[in-house]
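Here's a quick briefing to read with the model open beside you. Take it topic by topic and click through the residues as you go.

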Amino acid sequence: MNAASVIKKMQSGLTPEIPELVYLLDLPEGDELKQLYSAAYQTKLKYVGNKIHLRGIIEFSNICTKNCYYCGIRRGNHNVTRYQIPEEDILSQALEADQLGLGSVVLQSGERSDEEFVSLIERLVRKIKEKSGGRLGITLSTGEQSRETYLRWFKAGAHRFLLRIEASDPELYAKIHPADHSWEKRKNCLTLLSDIGYQTGTGVMLGLPFQTTEHIAKDILFYQDMNMDMIGMGPYIVHEDTPLAKEMPDFDPQRQLLMGLKAIAVTRLLLKDVNIASTTALQALHPDGRKMGLLAGANVIMPNITESRRRAGYLLYKGKPGVNDDSLSGLELLKQEAESAGEEILWNDWGDSPHYFARSKQ
Ligand code: 5AD
Ligand code: SF4
């Protein structure tokens, strides 16, 4: 087996065998890896172009009813000061994103499903739409909910939803979550979201304890099977105050970064016309991580536009970048990064996933 033959197979639209995907994902630094990145970049240019889509992310609350073993804001971490940004402030941050030309926002928070939370989001979505004259695109990243809740938010005007499956293998999922967190429920939520009409995104963490390369290969095939429109994957980064930290005493940032980039490249080659995020976790591992993600095939960047004073409260993992940046200087940096990678930023646009429109026509 060699990289060129597997890449060619994928370029011609065939689905590779699992060992072929594993071969690509296990490539060490060297010529074959360069071939992988360059082929993925060509696929990106062909299907989604060199325009970077922006979404301003507002982490509006770190209150979470869940207890995922890897996450710094899990319910059981009592070292975290919990916050919820007041409704009016969330609204003005979203409108600021509009002024900055970001085109769309992501409202992200810990998971809650009480009526107060559900109606807060419903109101916010309505108001953001209204006050931006319908201009701002709205993505939600607010966890597992009932069909009714998803529908309410959709009707209010949200049109994209991010819900990572975290691990597409139920056994691996069970090792990184408490027993009352259900893989089946999560998977079913993805189906509900797509059926309602959301552009739906999922993803996993890469380099998790207990995760093999075969798991990652199957994660990528899972995205394809589920007909996902958007993919957000990032390397797993240890957070000391979580139960999973003890499973990875020898955390190796370089290895995590490399797996993050390879997974993006292989996903681009296989899925072609989807939106793929170059995630903050890549940047946490390397100052140029986000740019490396773009060159490996990603086309979406999610600048953090949460009020600076809240950011330290949303540490999902150690060393999360941008805790001290304000949105404007963050954006300036981003522009420089994009230009140095030969990419352009698409301002004032929702930056929808072409895959969504292709599958809607089917
Ligand atoms: N390292 C990397 N990503 C993490 N997330 C949560 N904890 C970590 C961590 N320790 C990711 C999860 C979640 C997203 C919001 O953040 O994949 O879906
Ligand atoms: Fe809550 Fe999400 Fe963290 Fe899990 S990953 S504990 S659901 S914020």
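What follows is a short tour of a predicted model, from its nonpolar cores to a ligand shell and a few residues with unusual backbone angles.

**Nonpolar cores**
- The largest nonpolar core has 107 residues, and the ones touching the most other members are L24, L36, L140, Y150 and W153.
- If you're wondering which element gives the most to this core, it's helix α10 (residues 253–271), with 11 residues.
- That fits a general pattern: in soluble globular proteins, nonpolar side chains tend to be buried together.
- For a closer look at one of those well-connected members, pick L36: setting aside neighbours within four places in sequence, L36 is in contact with I7, L24, L27, K262, A265, V266 and L269.
- There's also a second, separate core of 5 residues, including V106, A277, V300 and M302.

**Aromatic pairs**
- The model has 8 aromatic pairs.
- One of them joins Y150 and F161 edge-to-face, with 5.0 Å centre to centre and 75° between the planes.
- Y150 sits in helix α6 (residues 147–156) and F161 in strand β5 (residues 160–162), so this pair ties together parts that are 11 residues apart in sequence.
- Both Y150 and F161 are buried.
- Y356 and F357 make another edge-to-face pair, at 5.2 Å centre to centre and with 85° between the planes.
- Are these two rings' residues buried or partly exposed? Y356 counts as buried because its relative accessibility is 17%, which is under the 20% cut-off.
- F357, on the other hand, is partly exposed, with a relative accessible area of 42%.
- Ring pairs also link up into a cluster made of F60, F117, Y150, W153, F154, F161 and Y198.
- Y150 and W153 are worth a second click: they belong to that ring cluster, and they're also among the residues that touch the most other members of the largest core.

**S278, a buried serine**
- S278 lies in strand β9, which covers residues 275–278.
- With a relative accessibility of just 2%, S278 counts as buried.
- What does the side chain of S278 reach? It reaches the backbone oxygen of R290, at 2.6 Å.
- R290 also turns up among the contacts of S278 beyond four places in sequence, along with G289, G293, L294, A298, V300 and I301.
- One of those contacts, V300, is a member of the second core.

**The shell around ligand 2**
- Which residues are around ligand 2? You'll find C64, K66, C68, Y70, C71, I73, R74 and G110 there.
- Sorted by class, this shell has 5 nonpolar, 1 polar and 2 charged residues.

**Positive phi angles**
- As background, most residues other than glycine have a negative phi.
- N227 goes the other way, with a positive phi near 60°.
- N227 is found in the loop between α9 (213–225) and β8 (230–235), and at 28% relative accessibility it counts as partly exposed.
- N348 also has a positive phi without being a glycine, at about 50°.
- Look for N348 in the loop between β11 (344–346) and α15 (354–361).
- N348 counts as exposed because its relative accessibility is 55%, and the cut-off is over 50%.

Definitions and conventions. Residues are numbered from 1 along each chain as its sequence is written. Chains are lettered from A and ligands numbered from 1 in the order in which they are written. This is a predicted model: local features need pLDDT of at least 70, side-chain atom pairs count only at pLDDT 80 or more; totals for chains, interfaces and linings use all residues. Side-chain values use heavy atoms; hydrogens and water are left out. A residue is near a molecule or strand if one of its heavy atoms lies within 4 Å of it. Ala, Val, Leu, Ile, Met, Phe, Trp, Tyr, Cys and Pro count as nonpolar, Asp, Glu, Lys and Arg as charged, and the others, Gly among them, as polar. Helices (H or I, at least four residues) and strands (E, at least two) are DSSP runs, numbered from the N terminus. Buried means under 20% relative accessible area, exposed over 50%, partly exposed in between (1.4 Å probe, protein chains only). A polar contact is a pair of N or O atoms within 3.5 Å; within protein, one must be able to donate a hydrogen and the other to accept it, and residues adjacent in sequence count only if both atoms are side-chain atoms. Contact means heavy atoms within 4.5 Å. A nonpolar core is a set of buried Ala, Val, Leu, Ile, Met, Phe, Trp, Tyr and Cys residues joined through side-chain atoms within 4.5 Å. Rings of Phe, Tyr and Trp (its six-membered ring) pair if their centres lie within 6.5 Å; planes under 30 degrees apart count as stacked, over 60 as edge-to-face and the rest as tilted.
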